[in-house]
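The exercises below are to be worked with the sequence and the model open side by side. Each task is followed by a solution in steps.

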Amino acid sequence: MPDSPQTTQSPVIEVIGLSKQFGSFAALTDLSFTACQGEILGLLGTNGAGKTTTIHLLLGLITPSAGRIRILGRDLPEERREILKRVNFSSAYTALPSNLTVWENLNVFARLYGQRTDRKKIHDLLTLFEIPEVMDHLTGSLSSGQLTRLNLCKAFLNDPEILFLDEPTASLDPDIADKVRHQLRTLRTERRTTMIYTSHNMHEVETMCDRVIFLSHGKLVMAGPPAAIVQRAKSASLEELFISIARNGYIYEEPPDTEKPPCGSA
Amino acid sequence: MWLRINAIILRYFYLHRRSIARTMEIFFWPVMNLLVWGYVTRYLESIAAPRLVAFLVGNVIFWDVLYRSQQGITLTITEEFWVRNIINIFITPIRMTELIAAICIVGIGKSLITTAFLGILAALFYDYHLLALGPAILPFFGNLLLFGWAVGLCTLALIFRYGRAAEALIWGIPFLIQPLSAVFYPVAVLPGWLQKIAWLLPSTHVFEGMRLAQQTGHTDMTMLFTALGLNLVYLLLGALYFGWMLGKVRERGYLTRLHLE
């Protein structure tokens with residue numbers, strides 16, 4: 001079970017009627033949800049369900065076809081730069097330049113977030129993720145586990161209030177993955193960082209997420225705390241529920257979850 | 001703002017400091033180009049045209065300014081696609097204008113280093129003195145930088161739109177411009193209808209202006225100002241086209257797909 005969420009009453013992310021159309025393909029249809037401060041919200045679904053598209057929309061990398069996004073009380077895309085100063089992103093599918101050292105990469109990105117940094121601050125950040133020894137190593141020489149943790153160090157450079165994590169533990173061995181999860185939970189508790197989390201590892205989702213949103217073919221099909229939706233769907237586990245939705249789509253007669261999230265907004 | 005521009009400059013400083021391949025881009029290819037054209041010129045000069053060195057060597061050096069400034073914009077951004085870093089940059093608060101400004105500053109630095117190095121080699125090998133052009137060397141240089149940036153913005157817009165398939169344009173587009181720019185021959189040798197097109201390019205005014213300066217010792221200010229005026233128009237059009245295309249790219253999701261290509 002995740003640590004008890006440090007949520008407040010004001011949602012930090014509000015998504016209302018979000019749709020994204022790529023030509024004739026509907027990547028997302030009428031998606032609405034909120035996320036509260038200090039909450040870890042999981043985005044679940046098969047490949048192509050719309051998870052990454054949702055994250056890219058929330059980061060302003062792509063523009064919505066319809067709907068409204070408010071992050072930290074500001075509208076996307078109008079106030080994108082102000083929002084980006086206060087959020088960050090880490091993904092298994094992005095990389096930092098391999099021909100720069102770890103220090104060089106983090107120094108460059110700290111400045112991009114408007115922060116002058118020094119080696120001590122970077123060292124402290126690397127220590128937080130248990131990789132201080134790689135500070136002067138070329139990024140290209142790091143192992144997958146070290147690279148993932150370096151990406152997370154990059155993501156914490158600006159002390160983000162919201163962190164978007166796209167399969168952050170993909171390709172990690174179970175030991176490192178467990179350490180990363182533990183570190184993220186600790187940071188969430190200490191800093192009250194909101195995290196939007198995608199993963200195909202259902203055990204990880206159950207461990208990490210306070211609430212999950214199931215997407216299928218770009219539509220929200222279920223939402224709620226992991227244990228609650230498993231119970232509601234009469235599934236044996238979250239994994240079984242995932243497989244059921246993946247193979248059968250939206251098979252449940254009840255409408256998508258309308259339970260009010262912890263910070264109050266529907 | 002300056003901190004973010006400085007970050008991008010620092011990123012490319014780190015990159016070039018450690019990469020022999022990228023240092024070659026500044027020194028090796030321009031030097032090879034100069035040596036080949038320099039010796040071809042020497043040979044032609046010995047058999048026919050005594051003033052060829054003055055025309056050709058200088059123009060070869062200055063052509064490189066345009067070529068490298070266009071590549072400065074396109075290759076630096078494309079590099080971020082190659083290393084899957086583009087999304088990391090695009091989710092920082094950096095403005096597109098800041099990113100382009102940083103890339104242009106890096107481009108100025110690289111062009112100055114290349115031009116100075118080629119200028120020294122030209123003096124040593126061919127007794128050609130770039131500084132003999134006088135103070136006009138700066139507006140010639142500046143105009144070619146500006147045109148390179150305008151062409152670079154358009155090229156970059158096409159790369160954003162068409163992805164890796166369009167990368168060949170980085171090297172191809174300059175050579176579409178070169179035959180019309182009067183780099184190696186006067187614009188007068190072109191057919192009449194083509195001359196009209198050629199005079200629409202700022203680079204033609206620069207290279208014709210340089211040719212005139214080398215022949216007469218006189219700098220035609222009209223040509224320089226015409227080149228500047230055309231550059232401002234092309235830069236504005238290039239920026240508008242790039243901005244419009246970036247909007248399309250965000251709308252259609254090309255940026256995130258390009259990242260995964």
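How many salt bridges does the rule find across the interface of chain A and chain B? The rule finds 1. The coordinates come from a predicted model, and side-chain atom pairs count only at pLDDT 80 or more.

**Exercise 1. Identify the salt bridge between the chains and describe the interface around it.**

Step 1. Find the partners. The side chains of B:Arg17 and A:Glu104 meet in a salt bridge, with 2.3 Å from N to O. The cut-off for such a pair is 4 Å, nitrogen to carboxyl oxygen.

Step 2. Add the polar contacts. Across the interface of chain A and chain B, 13 residue pairs are in polar contact.

Step 3. Assign the elements of chain A. Strand E1 (11–22), helix H2 (80–84), strand E6 (87–91) and helix H3 (102–112) each supply at least two residues of the side that touches chain B. H3(A) gives the most, with 7 residues.

Step 4. Sort that side of chain A by class. It has 18 nonpolar, 10 polar and 8 charged residues.

**Exercise 2. State the extent of the interface and name the residues of chain A that lose the most area.**

Step 1. Count the residues in contact. On chain A there are 36, and they are in contact with 35 residues of chain B.

Step 2. Read the area. The two chains bury about 3100 Å² between them, and 60% of it is on carbon and sulfur atoms.

Step 3. Rank the residues of chain A. A:Leu61, A:Arg81 and A:Leu112 lose the most area to chain B, and together they make up 22% of what that side buries.

**Exercise 3. Decide whether A:Asn107 is buried or exposed, and list its contacts distant in sequence.**

Step 1. Place the residue. A:Asn107 is found in helix H3 of chain A.

Step 2. Apply the cut-off. A:Asn107 has 4% relative accessibility, so it counts as buried, the limit being under 20%.

Step 3. List the contacts. With neighbours within four places in sequence left aside, A:Asn107 is in contact with A:Thr117, B:Leu10 and B:Tyr14.

**Exercise 4. Compare the settings of three salt bridges within the chains.**

Step 1. Start from the total. Over all chains, the structure holds 22 salt bridges.

Step 2. Take A:Glu82 and A:Lys85. Their closest N and O atoms are 3.1 Å apart. A:Glu82 is partly exposed at 30% relative accessible area, and A:Lys85 is partly exposed at 33%.

Step 3. Take A:Asp124 and A:Lys120. The closest N and O atoms of this salt bridge are 2.9 Å apart. Both residues lie in helix H4 (residues 119–128) of chain A, 4 residues apart, about one turn of the helix. A:Asp124 is partly exposed at 38%, whereas A:Lys120 is exposed at 58%.

Step 4. Take B:Arg68 and B:Asp64. The closest N and O atoms are 3.2 Å apart. The two residues lie in helix H4 (residues 52–82) of chain B, 4 residues apart, about one turn of the helix. Here B:Arg68 is buried, and so is B:Asp64.

Step 5. Look for shared partners. Such salt bridges join A:Glu14, A:Arg68, A:Arg70 and A:Asp75 into one network.

**Exercise 5. Explain why the ring pair of B:Tyr241 and B:Trp244 is classed as stacked.**

Step 1. Count the pairs. Over all chains, a search of the whole structure finds 11 aromatic pairs.

Step 2. Check distance and angle. The ring centres of B:Tyr241 and B:Trp244 are 6.2 Å apart and the planes are at 25 degrees, so the pair is stacked. The limits are 6.5 Å for the centres and under 30 degrees for the planes.

Step 3. Place the pair. B:Tyr241 and B:Trp244 both lie in helix H11 (residues 221–252) of chain B, 3 residues apart, about one turn of the helix. B:Tyr241 is partly exposed, at 28% relative accessible area.

Step 4. Find the cluster. Ring pairs link B:Phe81, B:Phe90, B:Phe160 and B:Phe242.

**Exercise 6. Summarise the fold of chain A.**

Step 1. Count the elements. Chain A has 9 helices and 10 strands.

Step 2. Give the buried share. Of the 266 residues in chain A, 57% are buried.

Step 3. Separate the contacts by sequence distance. Among contacts in chain A with a separation of 6 or more, 67% are between residues 24 or more positions apart.

Definitions and conventions:
Residues are numbered from 1 along each chain as its sequence is written. Chains are lettered from A and ligands numbered from 1 in the order in which they are written. This is a predicted model: local features need pLDDT of at least 70, side-chain atom pairs count only at pLDDT 80 or more; totals for chains, interfaces and linings use all residues. Side-chain values use heavy atoms; hydrogens and water are left out. Contact means heavy atoms within 4.5 Å. Buried area is the accessible area (1.4 Å probe) that two parts lose on being put together, summed over both. A polar contact is a pair of N or O atoms within 3.5 Å; within protein, one must be able to donate a hydrogen and the other to accept it, and residues adjacent in sequence count only if both atoms are side-chain atoms. Ala, Val, Leu, Ile, Met, Phe, Trp, Tyr, Cys and Pro count as nonpolar, Asp, Glu, Lys and Arg as charged, and the others, Gly among them, as polar. Rings of Phe, Tyr and Trp (its six-membered ring) pair if their centres lie within 6.5 Å; planes under 30 degrees apart count as stacked, over 60 as edge-to-face and the rest as tilted. Buried means under 20% relative accessible area, exposed over 50%, partly exposed in between (1.4 Å probe, protein chains only).
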